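Colleague: Hi, I'm new to this one. Could you put it up and walk me through it?

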Amino acid sequence: MQAHSFKVRVDAVRDEAHGVRSFVISRLDGLPFESYEPGAHIDVTSPSGVTRQYSLCGDPDCRDAHLFAVKKETRSRGGSRSLHDDVQIGTELSVGAPRNLFRLAEGARGHLLIGAGIGITPLLSMAYRLIRTNTPFELHYFARSAEHAAFLPLLTRAPFDRYVTLHFGIEPDALDAVLDACLADARQGTHAYTCGPVAFMDRVVAAGEARLPADAIHLERFAAQPLAPASDATLDSFDVQLASTGQTVRVDGKTSIVEALATIGIEVDTSCGEGVCGTCMVDVVSGEPEHRDHCLSKAERASNSVICCCVSRSRSPVLVLDL
Ligand code: FES
């Protein structure tokens, strides 16, 4: 579990769309929240005890309160269902510090935000920041209908309305053409950001890669997909060495790096345990990871500079980690 969690109080609960509820929280100790960059998410432990990650979707420059929104998943194992059913104004929750794997690119010449459904949430915090810094951008929001679109009153009034284009009820057959039109004016140096259902993001990435370099397309996943299959180069067992002390531990085929490290007293913070949230990321000093997560960027994978220790493995007999 993540070590740095603290208690908050729920100050407001609002229905934002069909099956989507937002929660305003403030710290129980009365202190302001630490600042965060737009696109960040937090761990939220629901009254059921289940911890899940939710994007912060309010103004990132507001430190008195945080806002996050939750879609009630029909197959919820207690996270979203409990937040919808068991939380009222005054409920106390445990949350983690903001983490960010989905930042606005520095030096970008334009920003194109493309979200669907609950995927509007990290894009909303980006929109707040881009408006505040007077940075041109476009936000395209896809939803089944107006009733399924979260934060619609906010998005359709100033200052957001001039940046936002709504796309309701687009048929799957028509989606690629609509996405291509969204990207048509992207000039060199534009970065695109997408969040939403996996199939939607896959199509945004495909449309984006036809017009932009792959490293200019950013996405945020919150649902684990099936683990990437192990490649031929993946070793069944390997050693992990701590750069600080030289101590080594064996990771066998049935053990994760996190579990192996725990046997020698090294605790790595985890949250999702599924390669989605990035909580367990550790810098790699040497060796070649076999990346099996769903959260590192293409550039991070290619550089082999970090590894998600909850799911990833090794292609080299020894992996030296910055621990
Ligand atoms: S704990 Fe979430 S990616 Fe490893």
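Colleague: Let's jump right in: what covers the buried residues of helix H5?

Modeller: The cover includes strands E7 (110–116), E8 (137–143), E10 (190–195) and E11 (217–220), along with helix H4 (172–183). Covering goes by contact, where two residues have C-beta atoms, placed from the backbone, within 7 Å. Before we go on, this is a predicted model: local features need pLDDT of at least 70, side-chain atom pairs count only at pLDDT 80 or more, and totals for chains, interfaces and linings use all residues. Residues are numbered from 1 along each chain as its sequence is written.

Colleague: And how do you decide on helices and strands?

Modeller: They're DSSP runs, numbered from the N terminus: H or I over at least four residues for a helix, E over at least two for a strand.

Colleague: OK, which residues of H5 are buried?

Modeller: Phe 200, Met 201, Arg 203, Val 204, Ala 207 and Gly 208. They sit on the same side of H5, because they cover an arc of only 160 degrees around the axis; the arc is that of the directions from the helix axis to the C-beta atoms. Buried here means 20 or more other C-beta atoms within 10 Å of the residue's own, exposed means 12 or fewer, and partly exposed is in between, with C-beta atoms placed from the backbone.

Colleague: What's on the face turned away from that buried side?

Modeller: The exposed residues Ala 199 and Asp 202 are carried there.

Colleague: How far apart are the end C-alpha atoms of H5?

Modeller: 16 Å, which agrees with the 16 Å that its 12 residues (198–209) should span at 1.5 Å a residue. The expected span is 1.5 Å times one less than the number of residues.

Colleague: Zooming out, what domains is the chain divided into?

Modeller: Domain 1 covers 5–96, domain 2 covers 110–220 and domain 3 covers 238–321. Those bounds come from an automatic or database domain assignment. The C-alpha centres of domains 1 and 2 are 23 Å apart, and their contact takes 15 residues from domain 1 and 16 residues from domain 2.

Colleague: Which elements give two or more residues to domain 1's side of that?

Modeller: Strand E1 (5–17) and strand E5 (66–71). The residues on that side of domain 1 divide into seven nonpolar, four polar and four charged. For that split, Ala, Val, Leu, Ile, Met, Phe, Trp, Tyr, Cys and Pro count as nonpolar, Asp, Glu, Lys and Arg as charged, and the others, Gly among them, as polar.

Colleague: New topic: which strand does E14 pair with over three bridges?

Modeller: E14 (281–286) pairs with E16 (306–308), in the antiparallel sense. Pairing takes at least two bridges found by DSSP between the strands. Asp 283 stands opposite Val 306 in E16. E14 also runs antiparallel to E18 (318–321), joined by two bridges, and there Val 284 has Leu 321 as its bridge partner.

Colleague: Any backbone oddities? Where is the cis peptide bond?

Modeller: Between Ala 158 and Pro 159, with omega about 5 degrees. Pro 159 is in the loop between helix H3 (152–155) and strand E9 (164–168). Most peptide bonds are trans, and most residues other than glycine have a negative phi. Yet Asn 134 has a positive phi of about 55 degrees.

Colleague: Is Asn 134 buried or exposed?

Modeller: Asn 134 counts as exposed, because 6 other C-beta atoms lie within 10 Å. Asn 134 is in the loop between helix H2 (120–132) and E8.
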